[in-house]
Amino acid sequence: MTQDIRQRLIDACRILDSEGLGDLTRGHVSIRMPGDPTHFYMKPHSRGFDEVTLENIVICNLEGEKVGGGGRKHSEVYIHSEIYKARPDVNSVIHVHPTHAVALSSSGRPLRPISQPSIAFCDGLPVFDETVDLIRSQPMGAGVAKSLGSHKAVLMRSHGVAVVGATVDEATILTILLENACQIQLLADAAGSSTFEFPDDDIQRLHRNTTTAEQYSINFDYLARRTLRSSV
């Protein structure tokens with residue numbers, strides 16, 4: 001099981017890389033350790049998403065300390081450790097710097113339910129705006145976790161996003177959907193977006209149908225297969 005979870009982390013990293021969400025070596029993914037909610041696996045520092053291996057994955061505790069693994073700990077580990085402290089329901093955290101999500105966060109405009117990807121976040125998308133700096137301390141990580149609250153993701157103004165899930169499948173797919181949603185909205189706004197939005201019951205129905213564990217896993221597995229094919 002341990003190796004399976006670590007391989008799932010590697011798959012998530014490769015998927016995010018294939019989607020153009022690596023930002024050099026700066027993005028990171030973690031998964032809470034099965035059977036031990038006080039520890040988590042995490043992508044190592046100084047490595048790109050395409051360079052993560054079973055040997056260099058890092059093990060950290062909820063204080064943000066490295067306790068195992070062959071790689072170097074990310075300085076922004078506190079995004080992960082503080083969210084895990086605050087959210088027992090979360091088993092995976094992703095932090096990346098998607099171009100369109102950063103642009104939308106910088107604009108100060110909220111994400112609107114004008115596309116299918118955006119519907120995943122119709123229950124709220126908060127913004128962390130305490131700093132644009134790297135999250136290199138427990139108090140700063142706690143601030144991100146507080147802004148996230150009970151939601152699926154938080155925009156970090158002019159910096160990036162933190163996205164969570166009950167599984168790494170969920171967190172990965174939501175990260176991709178969030179960037180797609182922000183891109184669509186920016187394009188629509190640039191074109192002179194209309195104010196039309198579908199009725200709330202229509203939006204809620206689509207939200208229920210698409211934000212399921214089965215949907216997350218189906219799409220994660222597809223992207224993992226596609227990434228494997230492209231690497232052969």
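Student: With which residue does Arg226 form a salt bridge?

Tutor: The model is a predicted one. Side chains of opposite charge can pair when their charged atoms come close. For Arg226, the closest N and O atoms of the pair are 2.8 Å apart, and the partner is Glu19.

Student: How many residues apart are Arg226 and Glu19?

Tutor: Arg226 belongs to helix H8, which covers residues 213-231. Glu19 is found in the loop between helix H1 (2-18) and strand E1 (28-32). The pair therefore links distant parts of the chain, and the separation is 207 residues.

Student: Is Arg226 buried, partly exposed or exposed?

Tutor: Buried means under 20% relative accessible area and exposed means over 50%, with partly exposed in between. The relative accessibility of Arg226 is 31%, so this residue counts as partly exposed.  Its partner Glu19, with a relative accessible area of 30%, is likewise partly exposed.

Student: What is the distance between the closest N and O atoms in the salt bridge of Arg26 with Asp23?

Tutor: Arg26 has 45% relative accessibility and counts as partly exposed. Asp23, at 29%, is also partly exposed. A salt bridge requires the nitrogen and the carboxyl oxygen to be within 4 Å. The Arg26 and Asp23 pair satisfies this, because its closest N and O atoms are apart by 3.4 Å.

Student: In which helix do Lys85 and Glu82 both lie?

Tutor: The side chains of Lys85 and Glu82 meet in a salt bridge, with 3.0 Å from N to O. The two residues are three residues apart, about one turn of the helix. The helix that holds both, residues 77-86, is H2.

Student: Which of the two, Lys85 or Glu82, is buried?

Tutor: Buried means under 20% relative accessible area. Lys85 has a relative accessible area of 35%, so Lys85 is partly exposed. The other residue has a relative accessible area of 9% and is therefore buried: Glu82.

Student: The side chain of Arg87 reaches the backbone oxygen of which residue?

Tutor: Arg87 lies in the loop between H2 and strand E5 (92-96), and Arg87 is buried, with a relative accessible area of 11%. A polar contact of 2.9 Å joins its side chain to that of Asp89. Among the residues that Arg87 touches are Arg32, Leu148 and Val164. At 2.7 Å, its side chain reaches the backbone oxygen of Gly149.

Student: How many salt bridges does a search of the whole structure find?

Tutor: Some salt bridges form a network, which links Arg109, Arg112, Asp189 and Glu197. For the whole structure, the search finds a total of 13.

Key:
Residues are numbered from 1 along each chain as its sequence is written. This is a predicted model: local features need pLDDT of at least 70, side-chain atom pairs count only at pLDDT 80 or more; totals for chains, interfaces and linings use all residues. Side-chain values use heavy atoms; hydrogens and water are left out. Helices (H or I, at least four residues) and strands (E, at least two) are DSSP runs, numbered from the N terminus. Buried means under 20% relative accessible area, exposed over 50%, partly exposed in between (1.4 Å probe, protein chains only). A polar contact is a pair of N or O atoms within 3.5 Å; within protein, one must be able to donate a hydrogen and the other to accept it, and residues adjacent in sequence count only if both atoms are side-chain atoms. Contact means heavy atoms within 4.5 Å. Lists of a residue's contacts leave out its neighbours within four places in sequence.
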